[in-house]
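Good morning, everyone, and thank you for making time for this. I would like to take you through the empty spaces of one protein and through the place where its ligand sits.

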Amino acid sequence: MHNPQLAANGQLTHLLTLEGLPAPVITHILDSATPFVSFGERDVKKVPLLRGKAVFNLFFENSTRTRTTFEIAAKRLSADVINLNIGASSTAKGESVLDTIDNLTAMDADIFVVRHSESGAAHLIASHLNATGRSHVHVVNAGDGRHQHPTQGLLDLYTIRHYKKAFTALSVAVVGDVLHSRVARSLISGLTTLGTPDVRVVGPQTLIPTAVESLGVRVCHDMREGVAGCDVVVMLRLQNERMKGALLPSTGEYFQYYGLTPDKLALAKPDAIVMHPGPMNRGVEIDSAVADGARAVILPQVTFGIAVRMAVMSLIAGNG
Ligand code: CP
């Protein structure tokens, strides 16, 4: 079946979702990121791979890590970077997303990096550009609603591969608010595509999507069972802003059952790593002793995110 993110020659043209992205494409992105990892230590951190290109950051929803690392990545690739301040833009006067895109395309945009609270927003923009003869303008999904966050998924995969080498013998536990998590959806897609044999989703029944097993994962409602023997524990934020109604008794009770504490982490493998996409809610889903502990790779995830986003933008612009 044709993947709308790939051109006929297999070239990545947009990055909208990890769902359905073939394993060789994912591996190629991860491999392409590796040379960029060391850029942060160089005196001159730039390469001219996107020189003359304009990257527009359109964040209709708040962000610290994703927006900033996309900006750093684009600047390291020598692109011109425009951060549209959505709050001060004509969106506040009622302009539609597609009218905004048309106007920014008239300013010669080459890449749109889009975060939006509506699932499907990045797909809508990419389809609009393709349907109106502007398929040379690329879209990267920086998180759409509860749907997908593909560059977060890729940086998570990069981090796991960095510390654990191969996916084919790993046990990975994804713990917490899976129901509202675009991060979990992207990561689970990537892990299963790359052959991870044991992916568990762990959380209370109210925060686990129905029929999630169809994604190739095992459900555990008991956290101790869920993290036992794992190589990787991925903690998720409770996304209160996406919750309709009371899905939890209290955050204190949630922490008691599903917060990652040193005693629960002791059930994972002795060399297990702890990941979190951020922002963290300390004392809700993760204890500070774990978040700041020796097994946490939460800040390296952020640093790898720059290299992964450099790779994605470089590849969709036609480099490799
Ligand atoms: N992980 C993540 O998407 O963080 P931000 O919301 O800060 O971008």
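I will speak about the ligand, then the pockets and the cavity, and finally two details of the backbone.

Please keep in mind throughout that what you see is a predicted model, and that the values I quote are computed from it.

Let me begin with the ligand, and with the question of which residues surround it. The ligand has around it Ser63, Thr64, Arg65 and Thr66, together with Arg115, His149, Gln152, Pro277 and Gly278. Looking at individual atoms, an oxygen atom of the ligand comes to 2.8 Å from a backbone N or O atom of Thr64, and an oxygen atom of the ligand is also found 2.9 Å from an N or O atom in the side chain of His149. On the nitrogen side, a nitrogen atom of the ligand lies 3.3 Å from a backbone N or O atom of Gly278. As for how much of the ligand is covered, it exposes 250 Å² when taken alone, and the protein buries 92% of that.

Now to the pockets, where the largest one holds about 340 Å³ of space. Its lining is made of 20 residues, and those that lie nearest the centre are Arg115, Arg182, Arg237, Gly278 and Pro279. You will recognise Arg115 and Gly278 from the list of residues that surround the ligand. In terms of class, this lining has 9 polar, 7 charged and 4 nonpolar residues. Helix H2, residues 65–76, and helix H6, residues 182–193, each supply at least two residues of that lining, and at least three residues come from each of domain 1 (23–147 + 302–316) and domain 2 (150–299).

The second largest pocket holds about 180 Å³, and its lining consists of 14 residues, with Met280, Arg282, Ala291, Ile298 and Leu299 lying nearest its centre. Here the classes are 9 nonpolar, 2 polar and 3 charged residues, and helix H11, which covers residues 298–316, gives the most to the lining, with 4 residues.

How many cavities of 30 Å³ or more does the structure hold? There is 1 such cavity, and the volume of the largest cavity is about 60 Å³. Its lining is formed by Arg65, Thr69, Gln152, Leu155, His276, Pro277, Ile298, Gln301, Val302 and Arg309. The elements that give two or more residues to this lining are H2, helix H5 (150–164) and H11, and H11 gives the most, with 4 residues. By class, the lining of the largest cavity has 4 nonpolar, 4 polar and 2 charged residues, and domain 1 and domain 2 each provide at least three of its residues. Among the cavity-lining residues, Arg65, Gln152 and Pro277 also belong to the surroundings of the ligand.

I will end with two details of the backbone. The peptide bond that runs from Gly278 to Pro279 is cis, with omega near -5 degrees, and Pro279 has its place in the loop between strand S9 (273–275) and helix H10 (288–291). Both Gly278 and Pro279 are among the residues that lie nearest the centre of the largest pocket, so please look at that bond once more when you turn to the pocket. The other detail is Ser78, which has a positive phi of about 75 degrees although it is not a glycine, and which is found in the loop between H2 and strand S2 (80–84).

Notes:
Residues numbered from 1 in each chain as written. Predicted model: local features only at pLDDT ≥ 70, side-chain atom pairs only at ≥ 80, totals over all residues. Heavy atoms only, no water. 1 Å grid on protein atoms, 1.4 Å probe; cavity = no way out; pocket = protein on both sides within 12 Å on 5 of 7 lines; lining within 4 Å. Points joined across faces, edges and corners; volume = space filled by probe spheres on them. Nonpolar A, V, L, I, M, F, W, Y, C, P; charged D, E, K, R; others polar. Domains from an automatic or database assignment. Near = heavy atom within 4 Å. Polar contact = N/O pair within 3.5 Å; in protein donor to acceptor, adjacent residues only side chain to side chain. Areas by Shrake-Rupley, 256 points an atom, 1.4 Å probe, with all protein chains shown as cover.
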